[in-house]
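Visitor: I would like to walk through this structure and ask how each label is earned.
Guide: Good. Here it is.

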Amino acid sequence: MNLQQLNAIKDVHRGGKIAISLRYPITDAADLARVYTPGVAQMCTAIHEDTSLAREFTVKKNSVAVVTDGSAVLGLGNIGPKAALPVMEGKAALFKRFAGVDAWPICLDTQDTDEIVQIVKAIAPGFGGINLEDISAPRCFEIERKLRAELDIPVFHDDQYGTAVVVLAALYNSLQVVRKNIQDIRVVVSGIGAAGTAIIKLLMHAGVRDIIGCGRQGAIGRFRTEKGADRQWLAQHTNPRNVQGSVQEVLAGADVFIGVSSGNLLQLADIAQMAEHAIVFALANPTPEIDPLDAWKEAAIVATGRSDYPNQINNVLVFPGLFRGLLDAGAKEITIDMLSAAARAIANILPAQEVRPRRVIPEVFDLHVAETVANAVVKAHDKAVLGV
């Protein structure tokens, strides 16, 4: 990166990327009296008598807290809350740009699980949803579980389920291209942290029956005990054939490889041993598990997390529209059916005749995505409420 490029980046971030704007003008004393005192007291009294009115008469209806402790920032690791702030600001900017959602970066100077839970619970009344971001595994699982159980607003860990939703959407269209059924495929997932665990669970919900998760010690399964409740659950509920070995070994005959682990993990020979018309999602960022150009030599479809290759798996396709739908529906929680509906909606953005090997997922700037996802989430929410 040359000096000119560096200065251009600094200019974008100088003073922050987001700001508060007024929805109602304050131009005279009458405006002031309505917006603030004494008019505001009437709203306070009404909400005190019926707290559900907070959604109608405050920013709560359109606000999301983007919460991090800076412990697992993509590509940078445990850099702490201050250094993570530019990322959270960027996330807030994307919420506003793509779905009109007001998001607030909340960077916490603690990495204590219980303390994070208590802080988020304490600030929750001012928000319509919580977006957990860049919190390391396995703490992120416990934080999310506790907050979901104790809050009456949706809690979403984007590093888990944002990635999982886009992966499922891309997989739906990829299977259409290679003419395989989701119930029949064999899937290998490299990386069983936050994203890998969520991907496995969502794919299983969508109908994948044969899926193997691989960590640093290779495939997990019922043949060994894993540390942590989440990894142990995966060991007990995946890998139905009890295949053992390294990720390279268990990849033999697999239809799909999904990597959310580390760069340069695989060689071309590893892809060559996969099933015919293989699908490779090498999502480690910035360096994928295998060079995408190499992977294309053997695979029918290749996707990455990068913007400079076809088929970018980017969470921005999910979270703005997802929260738009959750806020519009007045949802109190996020269900796996909502996530599945979001994935199907993203996949269906592309007409069947336009789906091809190098285009299995919509572009990030496709303006139809957020609205389509939001509508799908609202419908899934309403179906659940009606019990249909």
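**Strands, cores and rings**

Guide: Strand β5 (residues 186-190) and β6 run parallel and are joined by 5 bridges. This is a predicted model.

Visitor: What makes β5 and β6 a pair?
Guide: Pairing needs at least two bridges between the strands. β5 and β6 have 5 bridges, in the parallel sense. Val188, for one, stands opposite Ile212 in β6.

Visitor: Which helix joins β5 and β6 in a β-α-β unit?
Guide: Helix α9 (residues 194-206) does, and the unit is right-handed.

Visitor: Why is β6 called largely enclosed?
Guide: Strand β6 covers residues 210-215, and 5 of its 6 residues are buried, so the rest of the structure largely encloses it.

Visitor: How do you know that β6 also pairs with β7?
Guide: The count is 2 bridges, and the strands run antiparallel. At least two bridges are required, so β6 and β7 qualify. Gly215 has Gly218 in β7 as its bridge partner. A hairpin of 2 residues joins β6 to β7.

Visitor: Where else do strands run parallel?
Guide: Strand β1 (residues 63-68) and strand β2 (residues 102-107) do, with 6 bridges. Val64 stands opposite Ala103 in β2. With α5, β1 and β2 make a right-handed β-α-β unit.

Visitor: How many aromatic pairs are there?
Guide: A search of the whole structure finds 4.

Visitor: Why is the pair of Phe95 and Phe323 called edge-to-face?
Guide: The ring centres are 5.6 Å apart and the planes 70° apart. Centres within 6.5 Å make a pair, and planes over 60 degrees apart make it edge-to-face, so both tests are met.

Visitor: What does the pair of Phe95 and Phe323 tie together?
Guide: Phe95 lies in helix α5 (residues 80-99) and Phe323 in helix α14 (residues 319-329), so parts 228 residues apart in sequence are tied together. Both Phe95 and Phe323 are buried.

Visitor: What makes the pair of Phe98 and Phe365 tilted?
Guide: The angle between the planes is 50°, with the centres 5.6 Å apart. Stacked needs under 30 degrees and edge-to-face over 60, so 50° counts as tilted. Phe98 lies in helix α5 and Phe365 in the loop between α15 (336-348) and α16 (368-386), so this pair ties together parts that are 267 residues apart.

Visitor: Phe98 and Phe365: which is buried and which is exposed?
Guide: Phe98 has a relative accessible area of 16%. The limit for buried is under 20%, so Phe98 is buried. Phe365 has 59%. Exposed means over 50%, so Phe365 is exposed.

Visitor: How do you know that Arg344 lies over the face of Tyr172?
Guide: Arg344 is at 3.6 Å from the ring centre. The distance limit is within 6 Å. Lys201 likewise lies over the face of Trp233, at 5.1 Å from the ring centre.

Visitor: Which residues have the most contacts inside the largest nonpolar core?
Guide: Leu203, Ile258 and Phe281 do, in a core of 74 residues. Helix α8 (residues 158-178) gives the largest share, 12 residues.

Visitor: What is Leu203 in contact with, beyond its neighbours within four places in sequence?
Guide: Val167, Leu168, Leu171, Val187, Val208, Ile211 and Ile258. A second, separate core has 20 residues, among them Leu251, Leu266, Ala282 and Val302.

Conventions: Residues are numbered from 1 along each chain as its sequence is written. This is a predicted model: local features need pLDDT of at least 70, side-chain atom pairs count only at pLDDT 80 or more; totals for chains, interfaces and linings use all residues. Side-chain values use heavy atoms; hydrogens and water are left out. Rings of Phe, Tyr and Trp (its six-membered ring) pair if their centres lie within 6.5 Å; planes under 30 degrees apart count as stacked, over 60 as edge-to-face and the rest as tilted. Helices (H or I, at least four residues) and strands (E, at least two) are DSSP runs, numbered from the N terminus. Buried means under 20% relative accessible area, exposed over 50%, partly exposed in between (1.4 Å probe, protein chains only). A charge sits over a ring if NZ of Lys or CZ of Arg is within 6 Å of the ring centre and within 35 degrees of the ring normal. A nonpolar core is a set of buried Ala, Val, Leu, Ile, Met, Phe, Trp, Tyr and Cys residues joined through side-chain atoms within 4.5 Å. Contact means heavy atoms within 4.5 Å. A crossover is right-handed if, with the strands pointing away from the viewer, the path from the first strand over the helix to the second runs clockwise.
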